[in-house]
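Good morning, and thank you for the time. I would ask you to keep the sequence and the structure in view while I speak.

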Amino acid sequence: MKNLLVAQSGGPTSAINATLCGVIERGMINTEIEKIYGAHNGILGILSEKLVVLNDIFANAEALQLLCQTPSSALGSCRVKLADWQENSSEYEKIVSIFRKYHIGYFVYIGGNDSMDTVQKLSSYCKAKNIEDIKIIGAPKTIDNDLTQTDHCPGFGSAAKYIATTFAEIYCDCSVYDIPAVTIVEVMGRDAGWLTAASALARCNGHTVPDFIYVCERAFDTKKFLEDLKKKLSEKSSVIVAVSEGLKNEYGSYIAQSMHNEQTDAFGHKILAGAGKFLEEMVRREIGCKVRSIELNIMQRCSCHIASAVDIYEARLLGSAAADRAINGFSGEMACIQRIKNMPYEMKINFVNIDKIANKVKQVPLEWITKEGNDVTKELIEYILPLIQGELPVQYQNGIPVHFKL
């Protein structure tokens, strides 16, 4: 008998533990699996042999259900980039030796684009070295919704639901005053504006905000931005704007470049912050009205109390399918969602070669952004709307949600 290993990596989400739940469930009902191991802190935990047996911890349905309503990564995360194995294979040799030490034949790695880079490299190494007793499958997660080949990513629906709700509540607050004011809300999204676009869902229940949406797929023109605001302020007293943290100018530089410290993470991505604050200072200087900026920050990815039931269901399903795929002998693939119908919403899961996914970015289609560059189209709203439906039966204690602690 072989063992199954699962790990989580990259930025946490409200749905990543539901995917973990799916992997565990599939492993526990499969008679070919003896132990289900979890690695603390992703690939880093594998390299340091920080493994924990999950079978007894999740022996009952209540523990698994509680895991699904717990945000962030229960096993811990990491941002570790493996070297190219053609240049330095020592890490790969160590990983394979650890897998064999613990009789691990199947590995499911849950994560976003950088995690799929790891899946690609590790599966490529195994294939090149004729290692056929280890199967590696990727299970997607990312609130950014920027993985290719999948209609959408687990974690995105819950984050979109939180963002739309937050914009509706911001509107309720800001609309009570009659003095001219601008509220700029910075939303996560380095290279893709999906989350910023989700702010438009606040309009579905009759709200009129955000007044403008600027996503990072279109070059940001500060002059046009100020013109938009001045015109809108002549029509109404309170203006609410959604902006992507990754807004860039026509030259491809982040608009708040001067505010960045130029630090990068392990994968070479610039550490972003400050787009909202940069625009706040510009509006104060150029228009002179009351202005504030709000950075939603990590609440976008850890607000499980308002998670989308569709998102959690799909995340759990993907985890189960990914584990099943590995056990059935496939490797070097990622579980993907294929949308069959939008109304009523239907989906199915298929698998795509990881080479078509790793290190590629899926952006908001330009045709889903208005020609003025300051809003999104109804097609984009219709794309996101099915993904935020339903709420979880959240378990509470002492008035606050209960979370699983590993």
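In this predicted model, 19 salt bridges are present. One of them joins Glu391 to Lys161, with 2.8 Å between the closest N and O atoms. This pair links distant parts of the chain, since Glu391 sits in the loop between helix H12 (378-384) and strand S12 (396-397), while Lys161 belongs to helix H6, 230 residues apart. The two partners also differ in burial class: Glu391 counts as exposed because its relative accessibility is 56%, whereas Lys161, at 9%, is buried.

A further salt bridge is formed by Asp191 and Lys248, whose closest N and O atoms are 3.9 Å apart. Asp191 is in the loop between S6 and helix H7 (194-198) and Lys248 in the loop between strand S8 (238-244) and helix H9 (275-286), so this pair ties together parts that are 57 residues apart in sequence. Asp191 has 26% relative accessibility and therefore counts as partly exposed; Lys248, at 25%, also counts as partly exposed.

Glu235 and Lys232 likewise meet through their side chains in a salt bridge, at 3.5 Å from N to O. Glu235 is partly exposed, with a relative accessible area of 48%. Finally on this topic, Asp84, Asp117 and Lys121 are linked in a network of salt bridges.

I turn now to helix H5. How many of its 16 residues are buried? The number is 13, so H5 is largely enclosed by the rest of the structure. From its first C-alpha to its last, H5 reaches 22 Å, close to the 22 Å expected at 1.5 Å a residue. Gln120 lies in this helix and is buried, with a relative accessible area of 18%, the cut-off being under 20%. Leaving aside neighbours within four places in sequence, Gln120 is in contact with Ile354, Asp355, Ala358 and Asn359. After H5 comes Asn130, with a positive phi near 55 degrees.

Helix H4 can be described along similar lines. Twelve residues, 90-101, should span 16 Å at 1.5 Å a residue, and the end C-alpha atoms are indeed 16 Å apart. Which residues of H4 are buried? They are Tyr92, Ile95, Val96, Ile98 and Phe99. Viewed down the axis of H4, these buried residues fall within an arc of 160 degrees, so they line one face of the helix. They pack against strand S1 (2-8), helix H2 (42-47), strand S4 (104-111) and helix H5 (113-128). H4 is followed by His103, whose phi is positive, near 55 degrees.

Let me close with the loops. Gln149 lies in the loop between strand S5 (135-140) and H6, and counts as partly exposed at 43% relative accessibility. Apart from neighbours within four places in sequence, Gln149 is in contact with Cys336, Val352, Lys356 and Ile357. Its C-alpha atom is separated by 26 Å from that of Lys371, 222 residues apart along the chain.

Ile179 is found in the loop between helix H6 (156-174) and strand S6 (181-187). With 43% relative accessibility, Ile179 counts as partly exposed. Together, Val176, Tyr177 and Ile179 make a nonpolar surface patch of about 310 Å².

Asn60, in the loop between strand S3 (51-53) and helix H3 (61-68), counts as partly exposed at 37% relative accessibility. The C-alpha atoms of Asn60 and Lys236 are 55 Å apart, with their positions 176 residues apart along the chain.

Technical notes:
Residues numbered from 1 in each chain as written. Predicted model: local features only at pLDDT ≥ 70, side-chain atom pairs only at ≥ 80, totals over all residues. Heavy atoms only, no water. Helix = DSSP H or I, 4+ residues; strand = E, 2+ residues; numbered from the N terminus. Expected span 1.5 Å × (residues − 1). Buried < 20%, exposed > 50% of the residue type's maximum accessible area, 1.4 Å probe, protein only. Arc of directions from axis to C-beta. Contact = heavy atoms within 4.5 Å. Patch = residues over 30% accessible without salt bridge, like charges linked within 9 Å, V, L, I, M, F, W, Y side chains within 5 Å. Areas by Shrake-Rupley, 256 points an atom, 1.4 Å probe, with all protein chains shown as cover. Salt bridge = Lys/Arg side-chain N within 4 Å of Asp/Glu carboxyl O.
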